[in-house]
Every structure is written in C-alpha cells, then in structure tokens.
Amino acid sequence: MQSVNQKIPCVLMRAGTSRGPFFLKEWLPADPKLRDLALIGAIGASDPLQLDGLGGNSTLNSKVAIVSRSSLPDCDLDYLFAQVGVGQATVDIRPNCGNMLSGVAPFAIEQGLIEARQGTTTVRIHNVNTGSKIEATVQTPNGKVTYEGSARIDGVVGTAAPVLLNFLDAWGAVTGQLFPTGHRIEKIDGIEVTCIDAAMPLMIVRAKDMGVSGCESPAELDANKALLTQLEAMRLQAGLRMGLGDVSASVVPKPVLVSSSDDAACIVSRYFTPHRCHSSHAVTGAIGVGTAFALPGTVASGNTRAAGRHLMSVVHPQGKIELDVELVGEGMNAVVQKAALVRTVRKIMQGELYLPDYLFQA
C-alpha cells in the first residue's frame, strides 16, 4: 500500500453547532481510499465512543472539512465535506454541511488561500459534494480574522463574530430537481411526505402523522424505537424515489418531523441525522425545511407568500435558526432564489494530528 504521512497539520474548529478537523486538501492523501482511511483515523470512527480520535460520540462531532483553492473560475474555494461514521469505519461525501461550511472562509484566510480585506471579507465557496455555491462573509478587522464578537446562535454557549452564509443555488443541487420525485406531496407507507432537495435531500413528514407532537426533546424521540424504525423504513423508500439508490449506508436523505407554530413566520422542526434526532438543527436542513415552508403544496407549507424577501425561523430543540429567504414568482410558480443565515465559528486548536498505524496496514 502507498505510504502515508501519519503526522499531518490539522485545525480543530467549532463551526455553527458542529465540530471537526479542518484540512487543506494537500495535507491529506490524494488517493480517495487512503484519504478516507486518514479521516477515519482522525475521528476515531471505528469506536462508538471515538476514544482514539477527535470525534465525540456523535455525528455532530464526526465531521471533516477539506479546503483548497477552487477549480471553478467564479469561486474562490472548493469545500469537500465528509461525514465520518460513529462506531463504524465509514466516510460519506454525499451530503453538504452548512455548519462546517461556516468555518471554511476563516480557515482559508488564516491558511493564506484568501487575502483578507479591511472590515469584512466575502468569499465564494463551491461545495464539491453538491456543486452548490455559497457566499460567506467573515469579520476581518485590520485585515485579520476575528472570532470574537456579539453574535449569538442557539445551541452554542456565549457569543462570537458572525459569519453570514448566503446560499445561491442550493435547490436541486444533489438530485438535479427541487422535488426529485416530481411531487410536492406523496405517500410512503400511507403517510404523506415531501421529498425535497434544497441544500440537503430531505424526507419531511408531519409529526402528528407519526403519532408525536413534534415538540418532544431529542432524547424522547431517540427513545421511541418504533418511530425510528418506521422513519428508517420510509427513508429507504424515499431514497429510491429521489434517485439516490440504496441509502442504507448513506446519511441522506435526512428525515425531518415538522409541526406548526403559533407564529406564522416559524415552523417547528425535528431533524434526524438520520438515525438520531439532532440536538439542535443542521443549517442545510434548515434551508430545506425553510424552502418547503415558504413554498405552497408541501407538508410543511405555511401561509401563501408574495414575491420578495421574507424573514422566517426554523424552531429546533435549542432555539431557532433565522432565515432571510428571497422568493421570485408567486403561487405554484414561486421559487426560492436565495437564502441567508448567520452562524458563528471558533478555532479550538491548531497543530499536528497523528494517525494510527493500524489504519494503513495491509
């Protein structure tokens, strides 16, 4: 087997409500198989507690960002996201992660890939997983990244500098269509669902149709084994209908339970990752839920909205994610053109990561 450098540079960051190592592409093996082995070793994926790596016994802490200068002329950076297994030696590069995305521009600036401007620096990022493009605006006073500020996001203790993410073309990024089955509502096992591809392929279901309120805590939903079994059976069928094939070994599509709120600008969401309920909410999942909420004819549809900008919120177990959504057209012809939100980031440590020998033994 090709020799692999088992001591590599690494920056560990909390990005949004996720955490994981950030690497420049050149720091990792070029061979995708060896690269994945390195990521499995970095996270300690084979152990459910992830004691032998940087993971934290959760999919939220088993994420990796790989960054390089972009191969596209209209983008500054390429960002490859990897979801590494928890208790299983797997790497899934099908989905995107909007939380980890928020750390890409600060990381790239500090690594010298992007020159910081005075005040703020806006970077256009190409997500290699889905092909979508996102603009990230980072606070750079005196031409340097700052992580300190007054922005607060639910699910994270304290405040930090805001990172504005503006999703430009996330609709249909994975499957090629916003509604890849050709329907806004259809039935799986007799239950109405919306299969949508907006930043993340999702299978959205009304919580009440699954026998729950949708306001339960993640622990309560995770303890409902019958619910989890039913959701997984439906998810496998949704994957086939969405053209994703056999998704039993993939984390997409993600199941989501939605319920109404007393506030017409809010929708309540419980997002699964896919076999456990997220302790807060994925950013890409919020884009998908918000899109289904803004457009008519889905299981999540809210009030009819005119063309223009709309402020809305996706309510999750630890608070809410606020979205600024721009609609073009009206009624069934309406489309979401842009969706923006704010995240925060903190650099935890920077140094050298040591990969275990056993990964690369034949």
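**View 1. Strand β8 pairs with strand β16 in the antiparallel sense.** Six bridges link β8 (residues 162-167) to β16 (residues 335-354). Strands here are DSSP runs of E, at least two residues long, and helices are runs of H or I, at least four residues long, both numbered from the N terminus. Two strands count as paired if DSSP finds at least two bridges between them. Asn166 stands opposite Ala340 in β16. The model is predicted: local features need pLDDT of at least 70, side-chain atom pairs count only at pLDDT 80 or more, and totals for chains, interfaces and linings use all residues. Residues are numbered from 1 along each chain as its sequence is written, and side-chain values use heavy atoms, with hydrogens and water left out.

**View 2. Strand β7 joins β8.** β7 covers residues 133-140. The two strands run antiparallel, with four bridges between them. Glu135 stands opposite Asn166 in β8. Asn166 also stands opposite Ala340 in β16.

**View 3. Strands β10 and β11 form a hairpin.** One residue lies between the two strands. Ala199, in the turn, has a positive phi of about 75°. β10 spans residues 191-198 and pairs with β11 in the antiparallel sense over six bridges. Cys195 has Met203 in β11 as its bridge partner.

**View 4. Strand β11 also pairs with strand β12.** This pairing is parallel and has five bridges. β12 runs over residues 254-260. Arg206 has Val258 in β12 as its bridge partner. Six of the seven residues of β11 (residues 200-206) are buried, so the strand is largely enclosed by the rest of the structure. Buried means under 20% relative accessible area, exposed means over 50%, and partly exposed lies in between (1.4 Å probe, protein chains only).

**View 5. Glu186 makes a polar contact with Arg241.** The two side chains meet at 3.0 Å. A polar contact is a pair of N or O atoms within 3.5 Å; within protein, one must be able to donate a hydrogen and the other to accept it, and residues adjacent in sequence count only if both atoms are side-chain atoms. Glu186 lies in strand β9 (residues 186-188). Its relative accessible area is 11%, so Glu186 is buried. Leaving out residues up to four places away in sequence, Glu186 touches Thr181, Ile191, Glu192, Val193, Cys195 and Arg241. Contact means heavy atoms within 4.5 Å.

**View 6. Cys75 and Cys97 sit in a structure with zero disulfides.** A disulfide is counted when two cysteine sulfur atoms lie within 2.5 Å. For Cys75, the closest cysteine sulfur belongs to Cys97 and is 18 Å away, too far for a bond. Cys97 is in no disulfide either; its nearest cysteine sulfur, that of Cys277, is 16 Å away. Cys75 is buried at 8% relative accessible area. Cys97 is also buried, at 4% relative accessibility.

**View 7. The whole protein holds six helices and 16 strands.** Its C-alpha trace spans about 55 × 50 × 35 Å along the principal axes. The radius of gyration is 20 Å, which agrees with the value near 21 Å for a compact globule of 362 residues. That radius is taken over C-alpha atoms, and the globule rule is 2.2 Å times the number of residues to the power 0.38. Of the 362 residues, 56% count as buried.
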